[in-house]
Structures are given as structure tokens and as C-alpha cells.
Amino acid sequence: MAARRVVPNIQSAAVQESREFYGLLGFEEVMNHGWIVTLASPSSPQAQISFMTSDKTAPVAPDMSVEVDDVDAAYAAVRDSGAEIVHPLQDEEWGVRRFFVRDPNGRVVNVLGHH
């Protein structure tokens, strides 16, 4: 299993203002589901940041997202380690399979794979 990208997720009531501010630093909108907006650098598309009002299907907003090439293997490894699963492994309507886990620092990590 390999990590493909890491995206900080910032819970925000100022999504539009954040989009405009980070636009000043060269970021452009690459995804907008209404409740979450992801911005990326056109010259380096893996450089991303997301802003969300709240998570659509989970009880908490994650602090970061980690995209992996095998989310089922990641889930098994994390579960077997005894780490706290905050949101169960499931397929989402927007084309990802994901789960949330709490890291040793108390941060909630959205681990996902596209399908």
C-alpha cells in the first residue's frame, strides 16, 4: 500500500473567502461538493487544501485526508493496530471509499481511495 497525496482539511464558515485568499497564492478550485471545496496548484496538482463546513456523512470533520492506493488494506492495517476507527469503511456517493481514524495526536484522518 502507498500514500498518493495528503490534503489538509480546514473546517470553515468562510469557504468563499478562503477560496479567494488562497487564490492569491495560486490555488484554483478543483472540486466543489457544496459542503467541501478543494483547491490545487495548477503547476503542482498534488499540492492541495480543502475547506469544509462539515462532513456530509461522518460525525466529525477530519483534520486531513490521505489518499492511498488500497484503502481496504489500509483499513485492515489500522484496525489491526488497535487505533480508534472514528467513521467506518464505506463507499460514498461521490466516488470514494473511505474511513476515518484517530491518530496518536488526536487528529482525525480521512483515509480514502477512489473507485
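Let me start in the middle of the sheet, where strand 1, residues 3–11, and strand 5, residues 64–68, run antiparallel and are joined by five bridges. One residue to look at there is Val7, whose bridge partner in strand 5 is Ser65. I should say at once that this is a predicted model, and everything I describe this morning is to be taken in that light.

Stepping back to the whole chain, the protein has two helices and eight strands, and if you read along the sequence you meet them in the pattern β-α-β-β-β-β-α-β-β-β. The eight strands form an open sheet in the order 2-3-4-1-5-8-7-6, and the pairing within that sheet is mixed. Strand 2, residues 28–32, and strand 6, residues 85–91, stand at the edges with a single partner strand each, so one side of each is left without a neighbour in the sheet. From one strand to the next, the twist averages 25 degrees.

Now to the helices. Helix 1, residues 15–23, lies across strand 2, strand 3 (36–40) and strand 4 (48–52), and its direction is at about 0 degrees to strand 3. Helix 2, residues 71–81, lies across strand 5, strand 6, strand 7 (96–102) and strand 8 (108–114), and here the angle to strand 7 is about 20 degrees.

Within helix 2 I would like to pick out Val78. Leaving aside residues up to four places away in sequence, Val78 touches Ala83, Ile85, Phe99 and Val101. For Val78 and Val108, which are 30 residues apart along the chain, the C-alpha atoms are separated by 13 Å.

What is the volume of the largest pocket? It comes to about 290 Å³. The lining of this pocket consists of 21 residues, and those lying nearest its centre are Arg5, Met31, Ile36, Trp94 and Leu112. Strand 1, strand 2, strand 3, strand 4, strand 7 and strand 8 are the elements that give two or more residues to that lining. Sorted by class, the lining has ten nonpolar, eight polar and three charged residues.

Finally, a word on overall dimensions. The C-alpha atoms fill a box of roughly 45 × 30 × 30 Å, taken along the principal axes. For 115 residues, a compact globule would have a radius of gyration near 13 Å, and the protein has 14 Å, which agrees.

Technical notes:
Residues numbered from 1 in each chain as written. Predicted model: local features only at pLDDT ≥ 70, side-chain atom pairs only at ≥ 80, totals over all residues. Heavy atoms only, no water. Pairing = 2+ DSSP bridges. Helix = DSSP H or I, 4+ residues; strand = E, 2+ residues; numbered from the N terminus. Axes fitted to C-alpha atoms, helices over the stretch in contact; angles between N-to-C directions. Contact = heavy atoms within 4.5 Å. 1 Å grid on protein atoms, 1.4 Å probe; cavity = no way out; pocket = protein on both sides within 12 Å on 5 of 7 lines; lining within 4 Å. Points joined across faces, edges and corners; volume = space filled by probe spheres on them. Nonpolar A, V, L, I, M, F, W, Y, C, P; charged D, E, K, R; others polar. Rg over C-alpha atoms; globule rule 2.2 N^0.38 Å.
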